[in-house]
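Good morning, and thank you for joining this group meeting. Please look at the structure on the screen while I take you through its parts in turn.

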Amino acid sequence: MDSLAILLLEDNFLTATDIKEALEKAGHRITAIVCSYPEAVASIQQQTPDLAIIDIHLAGSAADGITIAGELLKHYWMPLIYLTANSEQTMFQRAKQTDPAAYLLKPFRQNELAFQVELAYLNQFKERSLTSAFTASTLYLPVGKAHQQIRKEDVLYLQASGSYVNVFMLNEPKPYLLAMHLGHLAQYFVSPNFFRLSRSLLINLDHVSRVEADQVLLNHRVQLAISEGNRSSLLRQLTVVRSR
């Protein structure tokens, strides 16, 4: 699968180093290693993660990992994996309230952790894709002090810009600017015709009119740069007639 950007909440330096090495070896990337809620929020504002691995006991933090996870989910949805030495049933029941993708016990095996991370990410998104709230054909975007109705089929692409997302529409001269991360908004675009072209771009495949060596053309007018690797992934999503 594609490389994942992973936020790590872990207070033990050696454990954090082991986790980082295991995931980087598997091709993933650690966006930050943090130990508290303020640090986690600051990190997310700088770099949107695809997934978070959270230790429950965080020495020096005013809140434990479960409390921090609950607060983060109020503002930004992402799959959560708890990695902890705590096997108490009461703690597990608390963790379940945040709907984690996995609950893993320390000590861990490096290759097993990498496998669980990928499975947790894929399964969590599959589960959410079955939820009607995320598969509705019409959305109401928080624009200004109101909610603007849009049809997903009219969306050309979504583009991340720091802590904001620009939503470019088929027949609108200007995009809608939303104060949220692309990872949060992308969960509303889980249908097969939406494709993550890069970490900052989510495009509507129904409006792809041309794919060139270094760019993709949407609706015969919008040009978006594309890397060789992402171009290959994009072509696999399209019905391409191959020459002999």
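Let me begin with a question: which residue stands opposite Tyr 176 in β10? The answer is Val 167. Before I place that pair in its surroundings, please note that this is a predicted model.

Val 167 and Tyr 176 face each other across two strands. Strand β9, which covers residues 164-169, is joined to β10 by 3 bridges, and the two strands run antiparallel. As general background, strands of a sheet pair through backbone hydrogen bonds, either parallel or antiparallel. Here β9 and β10 belong to an open sheet of 5 strands, ordered β10-β9-β8-β12-β11, with antiparallel pairing. Two strands form its edges, β10 (176-178) and β11 (194-198), and each of them pairs on one side only. From one strand to the next, the twist averages 20°. A helix also packs on this sheet: α8, residues 228-237, touches β11 and β12 (201-204). The direction of α8 makes about 170° with that of β11.

How does the UniProt record describe this part of the chain? An unreviewed entry places the feature "domain: HTH LytTR-type" at residues 139-212. That span is 54% strand and 7% helix, and its end C-alpha atoms lie 31 Å apart.

I now turn to the other annotated domain. The UniProt annotation "domain: Response regulatory", again from an unreviewed entry, covers residues 5-121. Over these residues the chain is 46% helix and 21% strand, with the end C-alpha atoms 11 Å apart.

In what order do the strands of the parallel sheet lie? The order is β2-β1-β3-β4-β5, and these 5 strands form an open sheet. The edge strands, each pairing on one side only, are β2 (29-34) and β5 (102-105). The twist averages 20° from one strand to the next. Within the sheet, β3 (residues 51-54) and β4 (residues 80-84) run parallel and are joined by 3 bridges. One partnership to find on the screen is that of Ala 52 with Leu 80 in β4.

Two helices deserve attention beside these strands. Helix α1, residues 13-25, packs on the sheet and touches β1 (5-9), β2, β3 and β4. Its direction makes about 170° with that of β2. Helix α2, residues 37-46, lies across β1 and β2 and runs at about 150° to β2.

Let us next consider the interior. The largest nonpolar core has 21 residues, and those touching the most other members are Leu 7, Leu 9, Ile 54, Met 78, Leu 80 and Tyr 82. At least two residues of this core come from each of β1, β2, α2, β3, α3 (65-75), β4 and α4 (89-96). The largest share, 4 residues, is supplied by α3. To see one member in its setting, take Leu 7: beyond its neighbours within four places in sequence, its contacts include Thr 31, Val 34, Ala 40, Ile 44 and Leu 51. Apart from this core lies another, of 18 residues, among them Ile 6, Ile 53, Leu 104 and Ala 114.

A single residue now calls for closer study. UniProt, in an unreviewed entry, gives Asp 55 the annotation "modified residue: 4-aspartylphosphate". Asp 55 lies in the loop between β3 and α3. Is Asp 55 buried or exposed? Its relative accessibility is 6%, so Asp 55 counts as buried. Not counting residues up to four places away in sequence, Asp 55 touches Leu 9, Glu 10, Asp 11, Gly 65, Leu 83, Thr 84 and Lys 106.

The aromatic rings are my next topic. The count comes to 4 aromatic pairs. One of them is formed by Phe 92 and Tyr 103, which are edge-to-face, at 5.0 Å centre to centre and with 80° between the planes. This pair links distant parts of the chain, since Phe 92 is in helix α4 and Tyr 103 is in strand β5, 11 residues apart. Ring pairs also bring Tyr 82 into a cluster with Phe 92 and Tyr 103. Phe 92 has a relative accessible area of 30%, so this residue is partly exposed.

Finally, consider Gln 215, found in strand β14 (residues 215-218). Gln 215 counts as buried because its relative accessibility is 18%, and the cut-off for buried is under 20%. Leaving aside neighbours within four places in sequence, Gln 215 is in contact with Arg 210, Gln 223, Leu 224, Ala 225 and Ile 226. Thank you for your attention.

Terms used. Residues are numbered from 1 along each chain as its sequence is written. This is a predicted model: local features need pLDDT of at least 70, side-chain atom pairs count only at pLDDT 80 or more; totals for chains, interfaces and linings use all residues. Side-chain values use heavy atoms; hydrogens and water are left out. UniProt positions are given in the numbering used here, feature names are shortened, and annotations may be inferred rather than shown by experiment. Two strands pair if DSSP finds at least two bridges between them. Axes are lines fitted to C-alpha atoms, for helices over the stretch in contact, and angles run from 0 to 180 degrees between N-to-C directions. Contact means heavy atoms within 4.5 Å. A nonpolar core is a set of buried Ala, Val, Leu, Ile, Met, Phe, Trp, Tyr and Cys residues joined through side-chain atoms within 4.5 Å. Buried means under 20% relative accessible area, exposed over 50%, partly exposed in between (1.4 Å probe, protein chains only). Rings of Phe, Tyr and Trp (its six-membered ring) pair if their centres lie within 6.5 Å; planes under 30 degrees apart count as stacked, over 60 as edge-to-face and the rest as tilted.
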